[in-house]
Amino acid sequence: MNIEAIRNKHKLLMQYDYEKKNLHRGYTGKTLYINLSKNMVKEKDVTEEMKDKFIGGKGFGLKYLWDAVTPETKWHSPENEIIISSGPIGGITQYPGAGKSLVVTLSPLTDMPIDSNVGGYFGPYLKFSGWDALEIQGKAENDVIVFIDGNKGVVTIEEAPLEAVDAHVLTEQLTEMYGLDDEDKKHISVISAGTAAENSLIGILNFSFHDVRRNVSRLKQAGRGGIGTVFRDKKIKAIVISYRGITGDLNQPADLGKIQKAGLRLHKEMACLDKEQNEMRMVGTCNIIDVMADYDLLPVHNFKFGTHPDAKNISTKVFRNKYFTQGIPDGCWYGCSMACAKAVDQFEIKTGPYRGQVVTVDGPEYENAAGLGANCGIFDPEIIIELNFYCDTYGIDTISFGTMTAFIMECFENGIIDEKVTDGMELKFGNGLAALELIHKISKGEGFGKIAGQGTKKMKALFVKNYGADESFLNDIGMEQKGLEYSEYVSKESLAQQGGYGLTNKGPQHDEAWLIFMDMVNNQIPTFEDKAEALHYFPMFRTWFGLMGLCKLPWNDVTPADNSQTDEPAKVPGHVQNYVEIFEGVTGKKIDKDELIRQSERVYNFQRVFNIRMGKGLRTHDQVPYRSVGPVTEEEYLSRQERYDKQLKELLGLDPKDYETKEKVQRMRTYRTDQYEQLIDAVYARRGWTHNGIPSKEKLEELGMDLPEVIAVVEKAMLDLK
Amino acid sequence: MKKIEKDNSKCIACRLCEQACNEENFSGTDKKVIMIKEEQQQNEIYVCNQCGECISVCPVEAIYRDSEGVVRIEESKCVACLMCVGFCPENAMFYNERELVPYKCISCGACVAVCPTEAIEMRV
């Protein structure tokens with residue numbers, strides 16, 4: 001369709017002209033608030049207290065969301081908000097991974113705050129346009145586009161009836177519509193969801209950046225927790241921003257030289273060491289597929305197993321040599337020499353509404369190869385790439401889709417559901433075409449697609465209620481916790497990683513802690529206290545990226561040549577020091593590596609209390625499905641019998657010969673479950689939380705987070721538990 | 001391709017090249033785009049050989065090869081990420097903390113003209 005014809009159908013609902021604030025040391029000091037129910041726009045001041053306690057990024061998102069909602073607010077309540085904020089470091093161009101946006105809302109999957117970290121140009125452009133955060137509340141009557149012109153200082157809300165909904169089409173339309181010409185397209189960034197986002201609870205947001213070499217709009221995803229579902233429920237079709245005039249000092253940093261030096265250290269490591277370390281520039285996160293399969297950590301058949309003979313068909317080498325276009329600086333923001341945003345170009349779609357189209361697919365990343373592939377028993381790279389494409393353009397989370405489809409497949413193979421339930425789809429492990437059919441149904445909200453799109457937690461309840469499924473079995477094999485699907489690592493042999501998933505704020509996503517190698521492979525954290533220390537330090541350290549507008553990957557996906565000779569190689573001390581220096585370089589505020597952790601602790605504990613305020617966030621919510629802890633079935637036990645028998649002998653003092661497999665499964669379960677409980681005790685103690693997982697008043701006071709509204713929630717929770 | 005070739009073994013570190021480069025291209029500043037590092041065994045000359053590695057790492061296509069084969073920076077496009085500096089195999093992309101945009105040798109030949117030992121020569 002002609003772009004002019006689409007634009008001509010726009011109806012201006014409101015226009016807000018603003019005077020752009022000058023950035024100073026990473027902040028503009030202003031937040032843009034938009035209420036779609038009232039077509040109202042206003043500016044809010046960002047106070048010094050906000051900066052000190054919440055820093056930026058997801059800290060700002062959580063603070064604004066707290067102020068906007070009550071314990072009764074649901075994800076689809078008008079007062080629920082979507083907040084997008086980068087953080088003080090976000091937008092610098094000299095250090096890799098510095099263009100992230102953090103998105104916060106009440107999740108339709110978990111009914112509490114979710115935060116998601118996403119690349120693309122929007123976050124930096126928002127800040128350069130004068131805003132530390134964008135806060136959207138209310139619901140529009142009809143589909144709207146919010147447009148921010150960061151140079152002119154204009155915000156508009158426009159009804160936009162004719163644009164596509166699916167992300168790859170919509171983003172191209174809007175990039176062309178708002179860009180002056182091809183050269184100008186890099187100055188536009190679009191946020192969109194997709195048709196499946198409005199028909200499921202696992203919707204994502206796609207943040208775009210225009211790839212000048214491919215001349216195509218690329219999409220990066222705020223994937224976890226159903227944010228795209230909230231976006232479409234608010235009838236937002238897209239948020240578009242334009243900003244022209246990118247230079248390297250728009251953050252007005254306190255000390256540019258400090259940032260340049262730190263950035264150059266990392267650029268040189270990428271130039272010299274990446275090829276021998278992780279090959280991030282060549283294959284992105286897909287570099288770990290083979291490693292995971294080799295260490296029995298690649299989820300196969302709904303996390304039953306950790307490897308598969310056909311894993312070689314989706315190996316790192318396959319994606320590197322056959323699919324990923326090489327030699328392009330694939331950063332999702334300027335200055336990212338890690339360049340992991342790989343893409344498959346000239347890919348012809350074989351199914352669904354876009355059959356025959358030749359497209360650029362973003363990814364696959366490791367999570368997609370593992371979740372859409374191995375976990376569903378699918379080892380055909382082209383099916384994985386096509387599923388990846390459709391997840392993105394339909395606007396759903398590849399991780400949730402992969403994990404819940406694996407769950408569906410196990411239910412199907414166990415006869416819990418059949419073809420009558422699935423509208424004739426034979427959803428067995430390995431049936432890639434059925435997985436594609438399922439995703440097309442989810443996008444339309446049709447039949448079993450509507451059911452699947454509710455996510456694993458709701459499907460479990462439905463299968464019990466409607467099909468008489470064994471509830472305890474489904475709770476064992478349904479890989480969700482707090483309502484969120486697990487990301488794609490087998491944690492059975494790493495107690496620390498069981499906690500790394502289970503003791504998270506938002507649900508089982510590995511962005512808080514990935515401890516499998518420290519724990520299982522290198523045995524660096526053998527005691528409960530060691531594991532608890534790791535489950536304190538790493539979640540806090542990694543939270544910091546989300547406060548600053550940073551990506552986690554440049555922290556440890558390349559390491560300095562001398563890293564292994566340092567005191568604590570797992571922390572990558574050289575890079576921690578880089579972060580201390582770029583924070584100082586941008587903000588002018590002196591910190592050290594300990595204060596860095598305290599900055600995170602303030603927000604982390606605030607988020608935990610926020611969860612409690614929403615009726616979650618207690619010990620009972622930190623329980624995990626047993627599939628993440630040990631072998632649920634005899635089949636699983638027998639598949640790794642030697643390992644488990646050895647453990648029974650060495651850890652429990654039992655002679656495996658004396659027991660039937662069924663009893664061995666049970667003995668192992670009792671032992672492992674108890675280990676997890678002991679882990680929780682140790683971690684809560686280290687984090688300064690009570691036995692029930694409530695941050696203690698003393699801890700909150702120590703952190704300076706003893707805000708009256710926070711203390712009130714904590715006191716009430718303690719009283720309720722008595 | 002117009003480029004400077006170097007022979008480190010001939011360099012006596014007289015630094016006339018640095019001085020000539022500065023005077024020809026960056027008068028009134030301390031900038032230069034050829035640099036000599038004095039070493040015990042053999043001095044080292046850092047100067048661009050126009051290999052173009054920087055062209056391929058630049059995220060905004062601000063670096064290009066001109067009609068004579070010389071690699072140049074279109075300053076208005078540069079976003080100051082310094083990836084070109086970090087990835088230069090010759091350590092011959094330069095920057096300073098007072099400016100955003102890096103700078104490099106444009107094969108003007110001023111340094112070649114003053115080198116007394118033919119440690120650097122212009123190849124066309």
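Q: What does buried area mean for two chains such as chain A and chain B?
A: Buried area is the accessible area that two parts lose on being put together, summed over both. In this predicted model, chain A and chain B bury about 2,000 Å² between them, with 59% of it on carbon and sulfur atoms.

Q: Which residues of chain A lose the most area to chain B?
A: Those are A:Arg213, A:Gln260 and A:Leu264, which together make up 25% of what the chain A side buries. The contact itself takes 24 residues from chain A and 23 residues from chain B.

Q: How confident is the predictor in the complex and in chain B?
A: The complex gets an ipTM of 0.97 and a pTM of 0.97. Chain B averages a pLDDT of 96, and 100% of the residues score at least 70.

Q: Why is A:Glu533 called partly exposed?
A: Buried means under 20% relative accessible area and exposed means over 50%. A:Glu533 has 33% relative accessibility, so it counts as partly exposed. This residue lies in helix α21 of chain A, and its C-alpha is 8.7 Å from that of A:Ala682, although the two are 149 residues apart in sequence.

Q: What makes the contact of α19(A) with α21(A), and how do the helices pack?
A: Helix α19 (residues 495-502) and helix α21 (residues 528-548), both of chain A, pack at an angle of about 35° with their axes 10 Å apart. On α19(A) the contact is made by A:Leu495, A:Ala496, A:Gly499 and A:Gly500, and on α21(A) by A:Phe528, A:Lys531 and A:Leu535. By class, that gives 4 nonpolar, 2 polar and 1 charged residues.

Methods
Residues numbered from 1 in each chain as written. Chains lettered and ligands numbered in written order. Predicted model: local features only at pLDDT ≥ 70, side-chain atom pairs only at ≥ 80, totals over all residues. Heavy atoms only, no water. Axes fitted to C-alpha atoms, helices over the stretch in contact; angles between N-to-C directions. Helix = DSSP H or I, 4+ residues; strand = E, 2+ residues; numbered from the N terminus. Contact = heavy atoms within 4.5 Å. Nonpolar A, V, L, I, M, F, W, Y, C, P; charged D, E, K, R; others polar. pLDDT = per-residue confidence, 0-100. Buried < 20%, exposed > 50% of the residue type's maximum accessible area, 1.4 Å probe, protein only. Buried area = accessible area lost by both parts, 1.4 Å probe.
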